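Colleague: I would like a close look at one part of this model, the place where the two chains meet. Please take me through it slowly, and then through a few places away from it.

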Amino acid sequence: MNFFMILKVAMRAIWRNKTRSLLTALGIIVGIAAVIAVVSIGQGASTMMVSQINSMGNNMIMIFPASRNTGGVRTGSGGAQTLTAEDGQAIAEDISYFVRCVSPIVRANGQVIYQENNWATQVQGVSVDFPEVRNWNVSKGVFFDKDEQRQGSRVCVIGQTVSDNLFGENDPIGKVIRIKNMPFKVLGVMEKKGSNNFGQDQDDLIIAPYTTVKRVLQNSIFNNVNMLNVSLYSLDDTEAAKKDISALLRQRHKLGRNADDDFDLRDMAEISKTIGSVSSLMTILLTTVAAISLVVGGIGIMNIMLVSVTERTREIGLRMAIGATPLDILLQFITESILLSTVGGLIGVIFGVAGAKIVGDVQHWPILITPSSIIVSFLFSAMVGVFFGFYPAFRASRLHPIDCLRYE
Amino acid sequence: MLIEVKNLVKSYTVGDMTTYALDGVSLSIDNGEFVAIMGASGSGKSTLLNILGCLDVPTSGNYLLDGVEVSGMTATQLAHIRNEKLGFVFQNFNLLPRTSALENVELPTFYSRTFPASKRRERATELLERVGLGTRIMNTPGQLSGGQQQRVAIARALMCNPPVLFADEPTGNLDTRSSVEIMKLFTQLNNEGITIVMVTHEDDIAHYAKRNIVVRDGKIIKGAKFESADDPEAHT
């Protein structure tokens, strides 16, 4: 029997019981729609996270001071005062085979005032290499230069949020703002970055030379820093670079063989791995739920196919009497079930894509609909049709013509 | 010889009770015969027809159809035999509902390994004209009378040009006038050379056949072999 005839008969059988067919396909429709929506939302979320992590820096390793043990009393993380900007320079020079550049980070908070506007924000003291380390440049004006860093000049670059709050529509370049009542000249405005993975506004900050922040804003005579950001040439060198940095810092800090590190090394790969594993765990969980609903839909198809075989027993008998082979009958019913499941799958894809888009628009989530997820779920729905259609079709094909013709 | 069966047995075992629908039947039917198989209900005449028509398989015995041993064939081989060599007409017509007469008649060719698709429509139309339904080819069974439905079924049975036609009580659901029309059609087809094997329990229908085989309790009691006036052996 030719394929088009089989398809035609299957379509006719499905069309004859429209309501029943629709209800049967509904299981598949819901399952596929759920898979598509979940995968689109999940992939969108993880793609966004990965790109945000990448935007945090160029193959970055972060070095934090660790806790300090003074006569058995341990401070919290960051308690050690031993991490200095000089450590950063040493890393940049001695491990230059891995390290592109290093920027220390010194943090201060304070009220910022420009004319009648004021705004509380964070001030980050960094080095001139900061734009390269963080892969973040100025959109207007200029970054401070080496001389200004060395002299501890009162200059700064402001984030977009600070600019909006202090200057509104006006051009901030060249204006003088007061940070903790100290006048700073605004050299430039950083590119807008938006919020990070944790919902923090990354544009709400002021960047100044770390020398200035240390002396003027922290009023400190020490040269310890809150963090060192180390940018590597290649992400592949992360482990080796961490080892070398660790050895160098232990040597510089004169730590004995048995002493704990007084610093912590963290790299972006670690963070992105954590975030990636969380999001892929979510995707796996939700996909499992969706797959279960597909199986339930498949059982629905199997059930209806068994009913259909029973209902059409006499027709099967007649077809066999005029020459249909068991294979013809098998193909007939398999085709019917595949048709049910793939049409269901197709409708499911449409609903899934629409659902993902609506959720994305309403919740402002990034949605990533990949052709592969559509193709995979469509093929999966066809497989459900084959798998759950086989048993009823096989049963039909094994019937004896005379039993079918006598069936009442 | 078109059909030759020897010692055909069909038994059913329910629990430890074995009943014999056919109990050692031997018979032969030649090309071009018109045979009526008669008997009371439960005599085994329908079982015999179903086995002859390859719809059912015997428990034991031999069946030569057109010189080919049929007993022991697989379901697929039997399906091909039914498609290419046999035509069926049923008491309740067995047409596909909500499907036009034309499509019903075309149906066997879709399962044929040899019938050319290009000839399908032409032959179906031709056959429907031949059974007198040339103007009703697009009607569905619901729009046709019983006699007309049976004529569609006959056209369908003839579609793949089988040498033999099996009919199980073909007039059982028809009124007298339609019955006569159907039997006239059978006679005409037989005159054109098609062998017809028909089961009936009505004497006046059986009269149209050239030979009557009578079955009782699973055995043939009359007409197992062709008898003619110029066959002296048969008279002894």
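Modeller: What follows describes the interface, then a sheet in chain B, and then two residues of chain A.

The model is a predicted one. Where chain A meets chain B, 22 residues of chain A are in contact with 24 residues of chain B. Together the two chains bury about 2,100 Å² between them. Of this area, 58% is on carbon and sulfur atoms.

Charged side chains also take part. There are two salt bridges between chain A and chain B. In one salt bridge, the side chain of A:Arg12 meets that of B:Glu103, with 2.8 Å from N to O. Seven residue pairs are in polar contact across the interface, counting pairs in which both residues have pLDDT 80 or more. On the side of chain A that touches chain B, at least two residues come from each of helix 1 (3-16), helix 10 (313-321), helix 11 (326-363) and helix 13 (401-406) of chain A. Helix 10 of chain A gives the largest share of that side, with six residues.

Next comes the sheet in chain B. Four strands of chain B make up an open sheet, in the order 2-1-4-5, with antiparallel pairing. Its edge strands are strand 2 (17-29) and strand 5 (68-69) of chain B, each of which pairs on one side only. Strand 1 (residues 3-14) and strand 4 (residues 60-65) of chain B run antiparallel and are joined by five bridges. As an example from strand 4 of chain B, B:Tyr63 is the bridge partner of B:Val5. Helix 1 (residues 45-52) of chain B lies across strand 1, strand 2 and strand 4 of chain B. Its direction is at about 120° to strand 1 of chain B.

Two residues of chain A remain. A:Arg250 belongs to helix 8 (residues 238-252) of chain A. A polar atom of the A:Arg250 side chain lies 2.9 Å from the backbone oxygen of A:Gly256. For the backbone oxygen of A:Ala259, the distance to a polar atom of the A:Arg250 side chain is 2.9 Å. Leaving aside neighbours within four places in sequence, the residues in contact with A:Arg250 include A:Leu255, A:Asp260 and A:Phe263.

A:Ala269 is in helix 9 (residues 268-311) of chain A. A:Ala269 counts as partly exposed because its relative accessibility is 27%, and partly exposed covers the range between under 20% for buried and over 50% for exposed. From A:Ala269 to A:His364 the separation is 95 residues in sequence and 27 Å in space, C-alpha to C-alpha.

Definitions and conventions
Residues numbered from 1 in each chain as written. Chains lettered and ligands numbered in written order. Predicted model: local features only at pLDDT ≥ 70, side-chain atom pairs only at ≥ 80, totals over all residues. Heavy atoms only, no water. Buried < 20%, exposed > 50% of the residue type's maximum accessible area, 1.4 Å probe, protein only. Pairing = 2+ DSSP bridges. Contact = heavy atoms within 4.5 Å. Axes fitted to C-alpha atoms, helices over the stretch in contact; angles between N-to-C directions. Buried area = accessible area lost by both parts, 1.4 Å probe. Salt bridge = Lys/Arg side-chain N within 4 Å of Asp/Glu carboxyl O. Polar contact = N/O pair within 3.5 Å; in protein donor to acceptor, adjacent residues only side chain to side chain.
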